[in-house]
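Student: I am new to this structure and would like a close look at one part of it. Could you walk me through the surroundings of the ligand and how they fit into the rest of the chain?

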Amino acid sequence: MTRITSVSLRRVLDSRGNPTVEADVLTESGGFGRGAAPSGASTGEYEAIELPASESIAKAREHAVPRLEGVYAGDQRAVDNALRAADGTDDFSAIGANSAVAISMAAAKAAADVLGAPLYQHLGGAFRGENFPVPLGNVVGGGEHAKEATHIQEFLAAPVGAPSVSEAVFANAAVHAAVADVLDERGVPAAKGDEGAWAPPISDAEAFEVVDEAVDRVEDEVGFEIRFGLDMAAAELYDDDREAYVYGDETKSADEQIEYVAGLVDEYDLAYVEDPLDENDYEAFAELTDRVGDRTLICGDDLFVTNVERLQDGIDAGAANSILIKPNQIGTLSDAFDAVELAARNGYETVISHRSGETEDATIAHLAVATDAGYIKTGTVGGERTAKLNELVRIADDAV
Ligand SMILES: C=C(OP(=O)(O)O)C(=O)O
Ligand SMILES: [Mg+2]
């Protein structure tokens, strides 16, 4: 029933206006699934390879599509193994992780369509759909996502006390609006960065004050606990030659960076800190985790790149206590599931994540529910971000 009869690929726009890959999968019995690849700007050194969209499509048409015809879409491992076999490299550099992930997601959706089940249920089983992730909402940002703004890439609202996912989603939008008010009161103009967060030309120190104030205001309004967190994207701050983290005119050694982040965790009661250190420094990650891992999540994004081997290295070293899961960092849903399972077996929290370049594809909302992830990071406002947030609201409302 779920046997694949056709896979078509096309170039579509992502949220930055760049071309990305969209895949349609059709099955024998009329099942249909569509998936589109997101794209990062602050990519990790060890991610699977994204090829230019046209090139990836041409390569996938030649090597992957013939292998996929006849494979059962309902057997996700078979689909993803066919993609791996068609590619033949460890990092999808032959066909591009962008075509691979688009096809992998489209096949899962086609199978769910045939089965008449929501995608999260097809992927996660009959008992999923009760627990929802806490949405981490980017409200202020800079780094690679907005020049002339903060050095820290993302300040993320974390409505940890929200009684429902819907209230959490609306709380994040309220914090986003409150940040605009606080900036306005300070006379700071702000455009938006790639993910829809405010990108004001202020120091990191001032951004902490602004976000702290905005979170407090919304917390008072909604009456449940809202904390905040960071994606420091520290691999982008780290200069290999100077062996230091560079914040404009200031630099910090690894020890100073650990000290700085540990201080921020305590001062602002941070719920979450992603990539506080360079992607090659497991040891420093372990030291920081040892210091503050009992009271906050230390999450590896560029550190782990959704890769089970890198995650296992982190587990062995005691580096971080959570992992960011981005399916396009590794190329297939099966690989992403393997990373989630390895994390869960070792007590690491999982955070399913969007990319800075996104489409209206909402697969990650289903992936988060299917894997029982504690958190999802998918922005706060903007159509390609609300596509995922509204899908979570629909899943909670049994409306998918
Ligand atoms: C979402 C992120 O940004 P990008 O997609 O640019 O890697 C991130 O670093 O977590
Ligand atoms: Mg990150």
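Tutor: Let's begin at the ligand, go on to the annotated positions, and end with the wider setting.

This is a predicted model, in which local features need pLDDT of at least 70 and side-chain atom pairs count only at pLDDT 80 or more, while totals for chains, interfaces and linings use all residues. Residues are numbered from 1 along each chain as its sequence is written, and chains are lettered from A and ligands numbered from 1 in the order in which they are written.

Around ligand 1 you will find Gly40, Ala41, Ser42, Thr43, Asp231, Ala233, Asp301, Ser353, His354, Arg355 and Ser356. A residue belongs to this shell if its C-beta atom, placed from the backbone, lies within 6 Å of the ligand. By character, the shell splits into 2 nonpolar, 6 polar and 3 charged residues. In this sorting, Ala, Val, Leu, Ile, Met, Phe, Trp, Tyr, Cys and Pro are nonpolar, Asp, Glu, Lys and Arg are charged, and the others, Gly among them, are polar. Domain 1 (4–116) and domain 2 (134–396) each supply at least three residues to the shell; the domain bounds come from an automatic or database domain assignment.

Two members of this shell, Arg355 and Ser356, also appear in a UniProt record. Its unreviewed entry gives the feature "binding site" at Gln153, Lys326, Arg355, Ser356 and Lys377. UniProt positions are in the numbering used here, feature names are shortened, and annotations may be inferred rather than shown by experiment.

Arginine 355 sits in the loop between β15 and α14, and serine 356 is placed in the loop between β15 and α14 as well. Helices (H or I, at least four residues) and strands (E, at least two) are DSSP runs, numbered from the N terminus. Arginine 355 is buried because 26 other C-beta atoms lie within 10 Å. The cut-offs are 20 or more other C-beta atoms within 10 Å for buried, 12 or fewer for exposed, and partly exposed in between, with C-beta atoms placed from the backbone. Serine 356 has 25 C-beta neighbours inside 10 Å, so serine 356 counts as buried too.

What do these two touch? Leaving out residues up to four places away in sequence, arginine 355 touches Pro38, Ser39, Gly40, Lys326 and Asn328. With the same residues left out, serine 356 touches Gly40, Ala41, His145, Asp194 and Glu195. Contact here means that the C-beta atoms of two residues, placed from the backbone, lie within 7 Å.

Those contacts lead us to Glu195 and Lys326, where the unreviewed UniProt entry places the feature "active site". Glutamate 195 is in the loop between β6 (191–192) and β7 (198–199), and is buried because 29 other C-beta atoms lie within 10 Å. Beyond four places in sequence, glutamate 195 touches Asn138, Gly141, His145, Ser356, Gly379 and Arg385. Lysine 326 lies in the loop between β14 (322–325) and α12 (327–330) and is buried, with 27 other C-beta atoms within 10 Å. Beyond four places in sequence, the contacts of lysine 326 are Thr306, Ser353 and Arg355.

Thr306 deserves a short stop. Threonine 306 is not a glycine, yet has a positive phi of about 55°. Its place is in the loop between β13 (297–300) and α11 (308–317), and with 29 C-beta neighbours inside 10 Å, threonine 306 counts as buried.

Now look at helix α14 (residues 363–370), which is mostly covered, with 8 of its 8 residues buried. Those buried residues pack against β3 (32–36), α4 (97–115), α5 (119–124), β15 (349–353), β16 (375–377) and α15 (383–396). Aspartate 372, with a positive phi near 60°, follows α14.

Finally, step back to the whole chain, which is divided into domain 1 (4–116) and domain 2 (134–396). Their contact takes 31 residues from domain 1 and 32 residues from domain 2. On the side of domain 1 that touches domain 2, β3, α3 (76–87) and α4 are the elements giving two or more residues; α4 gives the most, with 7 residues.
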